[in-house]
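Visitor: I am new to this structure. Could you show me how to read a few of its features?
Guide: Gladly. Here it is.

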Amino acid sequence: MTSTDNTRKNTPGGIRARWNNLSRPQQWLALVPVVVLIYFIPVIDPPLLTTEPYTNFPIAMVHAAELAMVAIGLNVVVGQAGLLDLGYVGFFAVGAYVAALLTSKESMLHKLPYLATLPLAMVVTMLAGVLLGLPTLRLRGDYLAIVTLGFGEIVRLLATLVPALNGQVGFADVGHPPGTNADGSLIFSARDGTPWYWLVVTLIIILLLFVGNLERSRVGRAWVAIREDEDAAQIMGVPTFKFKLWAFAIGAAIGGLSGALVAGQTGFMNNQNFSVAFSVLYLAAVILGGSGNKVGVMVGAFIVSYIPDRFTNLSDRKYLIFGLFLVVLMIFRPQGLLGARQRLLARGRQAYQRLVGRGEQISSDSSVSAEGGGQA
Amino acid sequence: MHPLTVFLADSSWINFDVTSFRQEFWDNTFNGLTFGAIYALIAMGYTLVYGVLRLINFAHSEVFIAGAYALVFTLSGLGFDGSVPGLSTLALIGDMLLACLVAMLASGAIAVLLERIAYRPLRRKGAPPLAFLITAIGVSFAIQYAIFIWRGASAEPAVILFVPKALFSAFGTNITNQQLIIFVAAIVLMLLIDQFIQRTRFGRGVRAVAQDPDTATLMGVNKERAIMLTFLLGGLLAGAAALFYVIKVPSGVVFNGGFTLGIKAFAAAVLGGIGNIRGAALGGLLIGLVGNYGQTLLGNAQWSDVIAFVVLVVVLMFRPTGILGESLGKARV
Amino acid sequence: MTAERDADIAAEDIPAEHMSAETAQMTETERAAHFAEVAEVVAPDRDISVEFGDTLLEMRDVTMRFGGLVALDGVSFGIRRGEILGLIGPNGAGKTTCFNTMTGVYRPSAGQVLLEGNRLGRRKRYQITRLGIARTFQNIRLFGEMTALENVVVGADARHKTSVPGALLRLPRHHREEREVVERASALLEFVGIADRAAEKARNLPYGYQRRLEIARALATEPKLLCLDEPAAGFNPVEKNELMQLIRRIRDDGYTVLLIEHDMRLVMGVTDRIVVLEFGKKIAEGTPAEIRDDPAVIAAYLGVPDDGVA
C-alpha cells in the first residue's frame with residue numbers, strides 16, 4: 001500500500017519526509033548553519049567531541065575529512081556503480097606520489113607549486129583508473145574485486161621495489177599551499193591541522209556538488225541501473241561499459257586528490273600507507289555509513305577515523321573492530337547507517353507532484369541489501 | 001638530463017640477472033615445485049568453495065594461518081624449538097603426524113565456523129554477491145588482527161622439525177628429503193581429495209551442488225551438508241599445507257602470513273581454472289615455479305609476489321577460464 | 001504521421017484508482033484531451049524506412065546452437081510494421097531463444113536477423129536497443145531500487161547523449177534531455193495505467209504494476225519493435241483483459257509488437273498473425289483463425305493420437 005506510514009521508523013522517516021518536502025533552495029538554506037558549524041569545529045574543540053589529550057583535535061578532524069573524501073570517491077565506484085574495488089588504496093597512492101614527487105626536495109623531478117599538483121594528481125590518477133578499467137571492467141563482480149586487489153598490491157610493491165620511489169625512506173618535505181602567518185610561521189604545516197581541514201572541507205563541498213550533479217542525471221541513473229542489474233541495463237540501452245569506466249575514472253580522481261592532500265598535510269610519504277588493510281578501512285567507511293549515499297559515507301568515514309583517534313587504546317584494534325563491523329553489518333543491516341536513497345531525477349519533484357500528489361519519493365532504504373538485488 | 005629519463009634509467013629495479021638464473025635453474029625448479037605443492041593445497045580450498053558457492057573465500061588465508069598457529073603451538077608443546085631436534089625418525093614422524101592432525105582439525109574447524117557464522121546467514125537472506133565478498137574480507141581482517149592483538153606483530157619463534165638433507169642428485173643439484181617429503185605428501189593428499197570428489201557419495205553431492213543447487217536438493221542431496229563438507233575439505237587441506245609450510249619456513253608463522261600466500265594460492269586456482277580441482281594443483285605448481293624463477297631473475301624476493309599478482313591479473317583479463325577450467329561469467333538471460 | 005496512428009485512449013480504459021493525482025481531478029472533457037496528449041507524447045517519433053504492412057524485422061534462417069543442443073533450427077519469418085505478431089509453441093520450443101537472438105543477447109550460430117533490411121550483426125546490446133528493438137522479460141527484471149518513474153526514465157535515456165561532462169557542468173543539452181525524459185516517462189506511466197504509484201520503489205509495487213512498468217520502460221526506448229515475453233504470466237482474467245487493451249493501445253499508437261504468450265485466448269484475441277515454433281522449428285504461420293485449425297499446431301500442443309482415437 002502506498003504508505004505514508006512513518007510510524008514504523010519514526011524519527012528517521014519523519015525527518016526524511018520533512019526534508020524531502022522542502023524545495024532545493026530551502027534545503028540549501030537549511031544547510032548553511034550546519035556547514036558553518038562544520039568549519040568551526042576544530043576551532044571550537046567541543047568538550048564532548050574532543051580527542052585531546054590523546055590526539056591533536058584539529059589533526060584528528062583533518063584525518064576524518066580526508067577519509068571522508070576517500071569515502072566519497074569510493075562511494076562512486078562501489079556504492080553507486082556497484083563495482084567492488086578492493087585496490088582503491090592504489091589510486092590514493094598514485095595521487096600521493098605525484099604530489100610528493102613534484103614538490104619534495106628529495107625527488108629529482110622538476111618541481112611545481114603544491115596547489116598545482118592537486119589537479120595534476122587527479123589527472124594522472126584518472127588515467128591510471130582508465131588504464132586499469134579498460135581491460136578489467138568487462139569482468140564480473142568477484143573477479144573485478146580480485147583484479148583490483150591485485151592492482152593495489154602491485155602499486156604497493158612497486159613503491160617498495162622501484163628505487164626512484166624511495167621505498168621505506170620515502171619523501172619528506174612534501175609541499176604545501178603558500179602563505180605565512182603574521183609571526184612568520186607557515187599557515188599550512190604538519191603541526192596545525194586547522195587550515196588543512198578548511199582546505200579539505202572546501203574541496204569536499206565542491207566534490208559533493210559535482211557528484212550530486214552526476215547523480216541527478218543520466219549518468220547517475222546509468223550507474224544505479226548497472227548496479228541493480230547490468231544485463232537488464234544493457235538491454236534497456238545503457239552503454240554500461242562506458243559508464244563503468246567513468247565511475248572508475250571519477251573514483252580514481254577523487255582518490256588521487258585525497259592522496260595528494262594527505263601527502264601535503266603530513267609532509268611525508270612512503271610505502272607504508274598503502275596496504276590492503278587501508279582498502280578495507282575505506283570499504284568499512286562506505287559500507288558502515290550507507291553504500292550509495294554520499295552523506296552517509298561521510299558519516300561512516302567520520303566514525304572509522306574518529307573512533308581510533310578518540311579511543312586510542314582501540315587504535316591497535318581498529319582493523320579487528322571494523323572487520324567485525326563489516327561482517328555484522330552485512331548480516332543485520334547491509335544498507336549501513338543511512339541507507340541509500342538517491343534522487344536520480346533533476347526534475348523529479350514536479351513530476352511526482354503531478355502524478356502522485358506529493359513531491360517526494362516514497363521509499364525505504366537499502367542498497368546492498370537482500371531480497372534479490374537483481375531478480376532471477 | 002630529462003627527469004623522466006633519470007627516473008626510468010634508474011632501472012636497477014629491473015636488472016635481469018641471467019647468470020644466476022642459469023646457474024640456479026634446477027635448484028629453483030625443485031624449490032619451486034615444493035612451494036608450488038603448498039600453494040596447490042591451499043588453492044584447492046579456494047577452488048572448491050568457488051566451485052560450489054561462486055564465492056571467493058578471502059578468509060581462506062586465515063583458515064590456513066590458524067592451522068599454522070595450531071601446528072606451531074603443538075610442536076612447541078611437544079618440545080620442538082629453534083634447535084635441531086635429536087629424535088629418532090619414528091618419533092619425528094609420529095610428532096609430525098600428530099601436529100598435522102591438530103593443524104587440520106584447527107583449520108577445518110575455523111573453516112566450518114566461518115561458513116556457519118558469516119556466510120550461511122547471508123545465504124539464507126539471499127544477499128547479493130557483493131555482500132558475500134564484503135563479509136569475506138571483513139572476516140579475513142578480523143581474524144588477522146585478532147591474532148595480531150593476541151600474538152603481536154612478530155613471527156612465532158622458529159620451530160625446526162628437521163634439517164634438509166640431500167638425498168640424491170639430479171640435473172647437477174641436490175634434491176633434499178624436505179623437498180621430497182613435501183612434494184610427495186602433497187601429491188598424495190591431492191589425489192585423495194580428487195578421488196574423494198570423483199568417486200564417493202559425498203563427493204558426488206558436492207559436485208551436484210556445484211552444478212545446480214536446486215536440482216541437487218530435489219535429488220536428495222543435503223545442500224547444507226555438502227557446503228559444510230566443501231569448507232571442511234578446504235580446511236583440512238590448508239592444515240596440511242600449514243605443516244609443509246612450517247617445515248620449509250620454520251619462522252614464517254605471523255599474523256598476516258596467510259595473506260600473500262593466500263593471494264598466490266588464489267592466483268594459482270584462477271590460473272588452473274577456478275572451480276577445477278586438478279587445475280588448482282597445476283596452477284599451484286606453475287605459480288611456485290614461475291615465482292621462484294622470477295625471484296632469481298630479478299634479484300629480489302618480493303618479485304615473486306609481484307609476479308603472482310601480475311599472473312592473476314593477466315589471466316583474469318585474457319583467459320578467465322584458466323588453463324583447464326570452463327568458462328564462467330556468461331550472461332544468463 | 002498522425003494519419004497512421006489511431007490512438008484514443010478512452011478515459012474508461014484506465015480505472016480511476018490508477019490515474020495520476022492530477023488527472024483524477026479533471027473533468028471528463030479535460031481528461032479526454034489529456035489522454036490524447038499522453039498518447040501523442042508516448043507515440044514513437046522515429047523515422048522508419050518501412051511502410052506500415054511491410055516487413056520490419058526479418059528472421060532469416062536463424063539457427064542457434066548451444067553445444068550439442070539446437071535451440072533454433074533454420075527459423076524464418078517476418079514481422080510487419082504495425083502488426084501484433086504472436087509467437088507461440090510448447091515449452092522449450094525456442095521462443096525466448098528467438099527473442100534473445102533478436103535483442104542481441106545471443107548471436108545466431110547461423111542465419112541473420114535483419115531490421116529494416118540491415119543485419120544486426122555483432123552489435124552490442126545497447127546498440128541494438130538504440131536501433132529500435134526493446135523487450136520485456138519473462139521473469140521481471142526491473143531496477144528494484146529505483147522508483148517506477150526512474151525505471152522508465154532509464155529507458156528514455158537510451159536515446160539521449162548526455163554524459164559525464166554534460167551532467168557535471170549542467171550544460172543545456174542536459175537540461176533539455178532531462179525535461180524530455182521526465183515528460184516522456186510521466187506520459188508512459190499514465191499510458192500503461194500505473195501513474196498513481198510513480199514514486200514507489202519498483203520492488204515494492206504489486207505484481208501487476210511491475211509487469212506494466214516493464215512495458216512502460218521498454219516503450220520509453222522508443223522502439224521500432226516491442227517484444228513482450230509472456231506479459232500476462234500470473235494475471236487473472238480481468239488483468240489479462242486489461243493487458244489486451246493495453247497492447248492494442250500500444251499498437252494503435254504506432255508501435256509494432258511481438259508477443260510470446262501461453263494463454264491461447266489472449267493470443268487469439270489480440271494478435272494479427274501468429275508464428276508457431278516446436279522443437280526450434282517453425283511449424284506454422286498465419287492468422288489466428290488459420291492457426292487454430294492447423295493440424296500441425298494441434299498436434300504440437302495436444303499430441304497425435306496413436307491410432308486415431310483422440
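Guide: Keep in mind that this is a predicted model. Begin with A:Val36, which lies in helix H2 of chain A.

Visitor: Is A:Val36 buried, exposed or in between, and why?
Guide: Look at the relative accessible area. Buried means under 20%, exposed means over 50%, and partly exposed lies in between. A:Val36 has 41%, so the residue is partly exposed.

Visitor: Which residues form a nonpolar patch on the surface?
Guide: A:Val36 is one of them, together with A:Leu29, A:Val32, A:Leu37, A:Phe40, A:Val43, A:Ile44 and A:Trp198. Their accessible area together is about 760 Å².

Visitor: Which helix gives the most to the nonpolar patch?
Guide: Helix H2 of chain A, residues 24–44, with seven residues.

Visitor: Now the inside. How is empty space found?
Guide: Rolling a probe the size of a water molecule over the atoms shows where empty space is left. Here, the structure holds seven cavities of 30 Å³ or more. The largest has a volume of about 140 Å³.

Visitor: Which residues are the closest to the centre of the largest cavity?
Guide: A:Leu149, B:Phe58, B:Ser61, B:Phe259 and B:Ile263, out of 15 that line this cavity. Now see which helices take part. Helix H6 (141–161) of chain A supplies at least two lining residues. So do helix H6 (129–151) and helix H11 (257–272) of chain B, each with at least two.

Visitor: How do the lining residues divide into nonpolar, polar and charged?
Guide: Eleven are nonpolar, four are polar and none is charged.

Visitor: Let us turn to the backbone. What is phi of C:Asp61?
Guide: Phi of C:Asp61 is near 60°, a positive value in a residue other than glycine. C:Asp61 sits in strand E1 of chain C, residues 55–66. With 46% relative accessibility, C:Asp61 is partly exposed.

Visitor: And where is C:Glu116 found?
Guide: In the loop between strand E4 (110–115) and strand E5 (118–119) of chain C. Its phi is positive too, near 50°. C:Glu116 has a relative accessible area of 16%, so this residue is buried.

Visitor: One last residue. Where is the place of C:Glu290?
Guide: In helix H11 of chain C, residues 288–293. C:Glu290 has a relative accessible area of 48%, so C:Glu290 is partly exposed.

Visitor: How many residues apart along the chain are C:Glu290 and C:Arg273?
Guide: They are 17 residues apart. In space, their C-alpha atoms are separated by 9.2 Å.

Note on methods:
Residues are numbered from 1 along each chain as its sequence is written. Chains are lettered from A and ligands numbered from 1 in the order in which they are written. This is a predicted model: local features need pLDDT of at least 70, side-chain atom pairs count only at pLDDT 80 or more; totals for chains, interfaces and linings use all residues. Side-chain values use heavy atoms; hydrogens and water are left out. Patches are made of residues with over 30% relative accessible area and no salt bridge: like charges are joined within 9 Å, nonpolar side chains (Val, Leu, Ile, Met, Phe, Trp, Tyr) within 5 Å. Accessible areas come from the Shrake-Rupley method with a 1.4 Å probe; for residues, only the protein chains shown count as cover. A salt bridge is a side-chain nitrogen of Lys or Arg within 4 Å of a carboxyl oxygen of Asp or Glu. Helices (H or I, at least four residues) and strands (E, at least two) are DSSP runs, numbered from the N terminus. Buried means under 20% relative accessible area, exposed over 50%, partly exposed in between (1.4 Å probe, protein chains only). On a 1 Å grid over the protein atoms alone, a cavity is a set of points where a 1.4 Å probe fits but cannot get out, and a pocket is an open set with protein on both sides within 12 Å along at least five of seven lines; lining residues have an atom within 4 Å of a point. Grid points are joined across faces, edges and corners, and a volume is the space filled by probe spheres set on the points. Ala, Val, Leu, Ile, Met, Phe, Trp, Tyr, Cys and Pro count as nonpolar, Asp, Glu, Lys and Arg as charged, and the others, Gly among them, as polar.
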